[in-house]
Amino acid sequence: MKIYVSGLYGGGNPQPGVGIVRSVRQGYPDAAIVGVEYSNRVSGIHFDELDDLWIQRPWGELDLDSYGERVRDVLDAGGMWISGSDLEAMWLGSVFPDGHRNLLAPPMAGIKRITKPVVEAASGLPVRIPPYLSTENSDWDLHAFCRKHDWRVWLKGPYYDASRTPTWDAFTAIRNALSKVWSTEKLFLQAHVSGYEESVMLSAYKGELLGAVSMRKRDITPEGKTWAGDVSEVPPAFLEPLRRMVRDTNWTGGGELEMVRDASDQLWLIEMNPRFPAWVHGATIAGHNLPALLVQAASRVPAEAAPALSAEFTRVVLEVPVRPDYPLPPLPEPFAGAVGHSMKHPSGLTALAARLHKIDPDMLDVALDSRGGEPPSGVAELPGSMVADIAAQDFDAMETPQYIYLDSTAAGLFKQAADRAHRLSTNDVEVISGYSIKTNPDKRLIGQALDNGFYAEAISLGEVQAALQAGFRPDQVILNGPGKWWPAGLMPRERMHAVFCDSIADLDRVVAAVAAGEMSAKHVGIRIRTPNITSRFGIPLDSPTTFGKLIAAVKRLPTDSAFAVHFHMASSHVGVAQWWHLFESMLRWCRSIETLSGRRIEMLDMGGGWYPDDWHADETSKIAHAVELVRAMLPHVRQIASEPGKALAQPSMALAMRILEIQEHENDMVEAVVDASIAEIPMHFWQPHRMVRQCAETGALQPLGRGKTYLMGRLCMEHDIIASGVRLPEGTRAGDLLIFCDAGGYDRSMSYVFGRG
Ligand SMILES: *Cc1c(COP(=O)(O)O)cnc(C)c1O
């Protein structure tokens with residue numbers, strides 16, 4: 001009996017080959033086991049249970065046709081082959097689409113049905129698939145997905161590599177790297193699921209389930225890979241659908257379903273692998289030798305019984321002698337640009353991926369739910385008002401780069417917000433908004449705020465003055481932030497609407513100023529520092545000592561002003577779900593503050609920090625729910641305020657620029673230099689911008705989709721790249737006009753003069 005085993009990589013994120021060899025040896029002490037590898041750098045080739053080695057050229061150099069013939073000869077001659085590598089299993093699937101009696105790996109049709117993220121073959125199992133979104137969608141939609149899932153998301157390739165992308169710039173950088181390393185644009189984002197990881201391993205031959213076992217991770221490596229685990233029987237409610245799945249896919253070989261069990265006991269399927277897992281021998285130790293069952297089914301030679309030594313296993317690190325005919329090579333050169341799984345490149349897996357793409361372009365595609373109909377276009381729709389506002393500009397006379405104010409868009413947003421506040425207000429609780437002047441102090445935006453019944457939210461006395469000059473009365477001003485006394489001498493003497501103290505020192509200064517008649521406000525309150533989410537603002541309350549200080553300070557506040565509480569945490573940053581969680585937690589803190597200080601909270605201010613779409617789209621019901629919650633938990637509150645800034649300002653301006661030069665490179669990569677730069681669009685690494693080109697002939701606005709173009713700023717600075725992965729419409733030339741929408745928030749207000757002579 002001769003058994004070929006591949007996938008002998010033995011680093012911290014190992015392949016299963018060595019475990020398979022140990023298990024086969026346990027079941028068949030006399031079998032000849034041949035280790036198959038594609039690099040002499042793989043340490044598993046030195047494992048002493050191997051009777052022979054079959055070392056090939058790396059995947060990038062192998063003649064795949066003749067290698068396929070040699071594998072066929074081996075199988076025809078009675079050798080059995082257990083693949084320990086996903087990509088090798090896929091390649092074998094392409095060489096033997098209908099399998100081979102001695103090839104102990106799944107058929108191509110089966111492999112295609114387990115592609116991430118949907119894992120269609122597993123649809124009968126009691127598991128759910130975490131929400132996902134293909135990266136073929138527009139950046140606009142991808143950013144929305146990340147916010148919705150609190151930036152707890154993974155960027156994944158169809159078969160390999162997964163990376164957490166906690167910020168937009170991490171997402172764009174990892175997307176570029178993964179697409180390049182694995183030669184595919186087809187990646188997907190998937191929501192993270194918190195819970196404990198567990199797996200089911202299976203062994204099957206020609207559609208018959210030979211055995212299956214459950215394993216819970218009990219210790220993990222820094223990469224999250226199993227270091228120790230416990231092994232148990234698969235429960236019948238899982239086993240029966242698993243048996244059907246194996247039959248439906250006509251599965252042969254090993255397989256692993258990687259799952260997370262959440263706090264409510266729901267299992268989420270993360271992925272299915274077309275091979276045994278690296279911990280395969282841990283199950284053999286527990287009396288479930290799945291590789292031996294596989295060999296037994298193929299050979300009809302009974303395996304030795306597998307005694308259960310323990311229901312738990314752990315790993316140790318062992319030194320083994322190096323085989324004299326494969327002396328150690330020198331240290332490898334660092335592999336530039338390597339990410340994640342591609343680090344296992346000694347055998348050239350990334351080169352194999354590129355070659356598999358050529359064999360079958362669909363083979364490595366991500367599998368998406370097809371119910372959605374048309375594939376995503378990668379283009380973000382522009383609201384009609386934006387299109388009209390842009391079309392109304394006279395670009396011919398315009399010097400670029402130039403911010404343009406989108407008149408009707410701005411007016412529409414302010415009106416919409418005012419109408420909603422009005423709708424949600426009742427006789428006893430009023431809902432108001434304060435426009436955050438800091439976000440964009442453009443007079444036209446401040447004017448919109450005034451006209452629509454907003455309050456003015458200022459974080460400096462300079463901003464207070466800007467509000468007063470624009471026509472706000474002092475009693476329409478909310479003063480906030482750590483720098484509210486700057487610049488000196490500008491504090492209005494008239495009664496303001498609300499003042500929030502950012503620290504206890506600030507509070508004592510406010511108390512003294514009010515007592516001295518130097519300032520006055522209808523509401524005087526505190527900003528509280530959000531517990532558990534790092535913030536430099538507000539008064540902390542997350543230890544008994546600090547909370548005691550906060551209560552004592554609240555008791556010092558003037559009693560002829562109403563008491564108010566403010567908290568602020570940007571949902572655009574921490575995510576929408578997390579923001580609502582925080583909101584409810586804040587209400588409970590507020591209740592404790594009321595009880596312990598004896599002061600009733602009459603105004604609650606929820607701050608700003610909303611992404612425009614999250615603030616405007618369909619949030620009425622959520623905010624109505626928030627109002628209900630406040631009513632129930634803080635019955636003395638008469639006014640609920642929010643302080644939107646970018647929700648209103650960001651869509652209200654766009655940046656017009658012209659293309660200076662277009663350079664085409666290999667593989668469709670294009671670099672286009674524009675006359676704008678990171679100095680005018682400094683938020684490009686925080687948020688996407690919807691982009692259009694104005695057609696030079698027709699004047700029509702054409703959206704930029706996804707592609708391989710980089711938009712380079714005019715500055716002679718390495719990092720001045722304001723967009724990547726876009727596609728310029730057909731016929732784009734130097735001199736053409738591009739418009740970056742969504743630039744009216746911090747892009748505008750934090751832009752700087754640079755490189756202009
Ligand atoms: C900046 C700021 C806002 C507005 O934040 P956006 O992210 O622009 O919505 C609201 N309130 C306070 C106190 C601020 O400092």
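Here are some quick questions and answers on the barrel and the ligand site of this predicted model.

Q: Why do strands E16 and E17 count as paired?
A: Pairing takes at least two bridges. E16 (residues 430-436) and E17 (residues 455-458) are joined by three bridges, so they qualify, and they run parallel. Gly434, for one, stands opposite Tyr455 in E17.

Q: What makes up the closed barrel?
A: Eight strands, going round as E16-E17-E18-E19-E20-E21-E22-E23, with parallel pairing. On average, neighbouring strands of this sheet are turned by 30 degrees against each other, if you ignore direction.

Q: What does helix H15 touch on the sheet?
A: H15 (residues 504-515) packs on it, touching strands E19 (495-501) and E20 (520-527). The helix direction makes about 150 degrees with that of E19.

Q: Why does Lys438 count as a polar contact of the ligand?
A: The cut-off for a pair of N or O atoms is 3.5 Å. An N or O atom in the Lys438 side chain is 2.6 Å from a ligand oxygen, so the pair passes. Lys438 is also among the residues that come nearest to the ligand, along with Thr439, Glu643, Lys646 and Tyr746.

Q: How do you know that Glu457 makes a polar contact with the ligand?
A: An N or O atom of the Glu457 side chain is 3.4 Å from a ligand nitrogen, and the limit is 3.5 Å, so this pair counts. A polar side-chain atom of His568 also lies 3.4 Å from a nitrogen atom of the ligand.

Q: How much of the ligand's accessible area does the protein cover?
A: It covers 93% of the 390 Å² that the ligand has on its own. The shell residues divide into four nonpolar, seven polar and four charged.

Methods. Residues are numbered from 1 along each chain as its sequence is written. This is a predicted model: local features need pLDDT of at least 70, side-chain atom pairs count only at pLDDT 80 or more; totals for chains, interfaces and linings use all residues. Side-chain values use heavy atoms; hydrogens and water are left out. Helices (H or I, at least four residues) and strands (E, at least two) are DSSP runs, numbered from the N terminus. Axes are lines fitted to C-alpha atoms, for helices over the stretch in contact, and angles run from 0 to 180 degrees between N-to-C directions. Contact means heavy atoms within 4.5 Å. A residue is near a molecule or strand if one of its heavy atoms lies within 4 Å of it. A polar contact is a pair of N or O atoms within 3.5 Å; within protein, one must be able to donate a hydrogen and the other to accept it, and residues adjacent in sequence count only if both atoms are side-chain atoms. Accessible areas come from the Shrake-Rupley method with a 1.4 Å probe; for residues, only the protein chains shown count as cover. Ala, Val, Leu, Ile, Met, Phe, Trp, Tyr, Cys and Pro count as nonpolar, Asp, Glu, Lys and Arg as charged, and the others, Gly among them, as polar.
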